[in-house]
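Dear colleague,

Please find below the structure that I am handing over to you. My findings follow directly after it.

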Amino acid sequence: MKAFTFKNYGASDVLHPEILEKPIPNPNQIVVKIHATSVTAGDWRVRSATPFPIRFHSGILKPKNTLLGHEFAGVVDMVGVEVAEFQIGDRVFGSMGMKSGTYAEYVAVDVESPIAKIPEGLSFEEAAVVPIGFLSAYHFLQKVNLHPGMKVLIHGVSGSVGSAMLQLAKAKDAYIVGVCSSKNSSWVKNWGADEVISYDKEDFTILPEKFDLIVNAVGKTSFREIRHLLKPEGKYLSNDAALTDYLDLLMQTIGGNKEQIILGIADQKKSDLRVIQSLLAEGKVRPYLDRVYSFDELPAAHAYVEKGRKAGNVAIRVA
Ligand SMILES: NC(=O)c1ccc[n+]([C@@H]2O[C@H](COP(=O)([O-])OP(=O)(O)OC[C@H]3O[C@@H](n4cnc5c(N)ncnc54)[C@H](OP(=O)(O)O)[C@@H]3O)[C@@H](O)[C@H]2O)c1
């Protein structure tokens, strides 16, 4: 099967086509013929080992796993002998979790990992970009008590995680103020933001209003920079925390207030993907797709995503 692998860390041109053996499923795995995958912020960071500590997990000198790619959408091609949930021909989407391997024509997936059938009406390219953004957003938003009328500020609302947070919080009738650049402001408004602040025209840090929740979704702000915008019981949440955020969390924990700052790594749960699958089927959420690249254009897609300005998500059409 055709795949893209990387033997060394570096710029997007370390990704090269390679012919690999098609996987065979273990008893509790399925093999998916991949129709679409994605390039996430996490993918380019692993490819380039940015920041350096990524090497402690991915390999100090060279990547231990040369096959990248975390999200997939495709058709079940083979089924392990113990698998009852999926059948050959099912349209499925999912995430490899902490593993990778979707920059290939086929992937073997454990059925206990986040995988589900694609809801009607969703293309492979759309389905492929759902899991990481939505599972991350869902994980973090479950840590706050979202309720109607709650005032939420999302900084980086136009990213993959930010646009998923926007829709999940809107589904709970929260009042959302989104911060992004002016090039993204109109779709962000159309996708549910009650107000949009273009950071290239307006300084959101001097807003007079106070928020119940502030989300730092793309790591371009910090608790220190915006804590004055929180209500007394308000919470600060970041999936892309600054170093000072961890220091402030430590200080607050020592001071007995460990509830205000929420940081960490999102779990990717199969049960959560089921919730997202239902919301997609009901039309309450949908992934924002910025660009679709062909499989041969994978290095170009990585170079684009690495610029940090993608709107929502970038998909790769594999078949
Ligand atoms: N903790 C976890 O478990 C977890 C899970 C998933 C992702 N992450 C991390 O979360 C981060 C976000 O990922 P992502 O895929 O959503 O987005 P991304 O690709 O990292 O960011 C793209 C978005 O950032 C916006 N942006 C750039 N500069 C900005 C600024 N100064 N102010 C506001 N927005 C700005 C861009 O919008 P404009 O062009 O409008 O500026 C663009 O839409 C990544 O670092 C990723 O690794 C962490």
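In this predicted model, salt bridges join Glu85, Lys270 and Arg274 into a network. Within that network, the closest N and O atoms of Arg274 and Glu85 are 2.5 Å apart. This contact ties together distant parts of the chain, since the two residues are separated by 189 positions: Arg274 belongs to helix α9 (residues 270–281), whereas Glu85 sits in the loop between β4 (71–79) and β5 (91–95). Both partners fall in the intermediate class of accessibility. Arg274 is partly exposed, at 37% relative accessibility, and Glu85 is likewise partly exposed, at 31%.

A search of the whole structure finds 14 salt bridges, and two others deserve a description here. Side chains of opposite charge can pair when their charged atoms come close.

The first joins Lys231 to Asp212, with 3.3 Å between the closest N and O atoms. Here the link runs between two strands, as Lys231 is in β12 (residues 230–238) and Asp212 is in β11 (residues 211–216), 19 residues apart. Lys231 has a relative accessible area of 31% and is partly exposed.

The second brings together the side chains of Asp248 and Arg224, at 3.0 Å from N to O. In this case the link is between helices: Asp248 lies in α8 (residues 243–254) and Arg224 in α7 (residues 223–226), with their positions 24 residues apart in the numbering. The two ends of this bridge fall into separate accessibility classes. Asp248 has a relative accessibility of 9%, which is under 20%, and therefore counts as buried. Arg224, at 46%, is partly exposed.

Strand β11 also contains Val215. This residue is buried, with a relative accessible area of 1%. Should you wish to relate Val215 to the network described at the start, its C-alpha is 36 Å from that of Glu85, and the two residues are 130 apart in sequence.

Turning to the aromatic residues, the structure holds 8 aromatic pairs. One of them is formed by Phe6 and Tyr9, whose ring centres are 6.3 Å apart; their planes meet at 65°, so the pair is edge-to-face. The assignment follows because an angle over 60 degrees between the planes counts as edge-to-face. Both members are buried: Phe6 has a relative accessible area of 0%, and Tyr9 has one of 12%. Elsewhere, ring pairs connect Trp187, Trp191 and Tyr288 as a cluster.

Two surface patches may also be of interest to you.

The first is nonpolar. Phe52, Phe56, Ile60 and Leu61 make up this patch, which covers about 490 Å² of the surface. Of these residues, Phe56 is located in helix α2 (residues 54–58). Its relative accessible area is 60%, and Phe56 is therefore classed as exposed.

The second patch carries positive charge. It is a surface gathering of Lys183, Lys220, Arg291, Lys307 and Arg309. Among them, Lys183 is found in the loop between β9 (175–180) and α6 (185–190).

When you open the model, you may wish to begin with the network of Glu85, Lys270 and Arg274, and then to view the nonpolar patch that includes Phe56 and the positive patch that includes Lys183.

With kind regards

Note on methods. Residues numbered from 1 in each chain as written. Predicted model: local features only at pLDDT ≥ 70, side-chain atom pairs only at ≥ 80, totals over all residues. Heavy atoms only, no water. Patch = residues over 30% accessible without salt bridge, like charges linked within 9 Å, V, L, I, M, F, W, Y side chains within 5 Å. Areas by Shrake-Rupley, 256 points an atom, 1.4 Å probe, with all protein chains shown as cover. Salt bridge = Lys/Arg side-chain N within 4 Å of Asp/Glu carboxyl O. Lys, Arg positive; Asp, Glu negative; His and termini not counted. Charge placed at Lys NZ, Arg CZ, Asp CG, Glu CD. Helix = DSSP H or I, 4+ residues; strand = E, 2+ residues; numbered from the N terminus. Phe/Tyr/Trp six-rings, centres within 6.5 Å; stacked < 30°, edge-to-face > 60°. Buried < 20%, exposed > 50% of the residue type's maximum accessible area, 1.4 Å probe, protein only.
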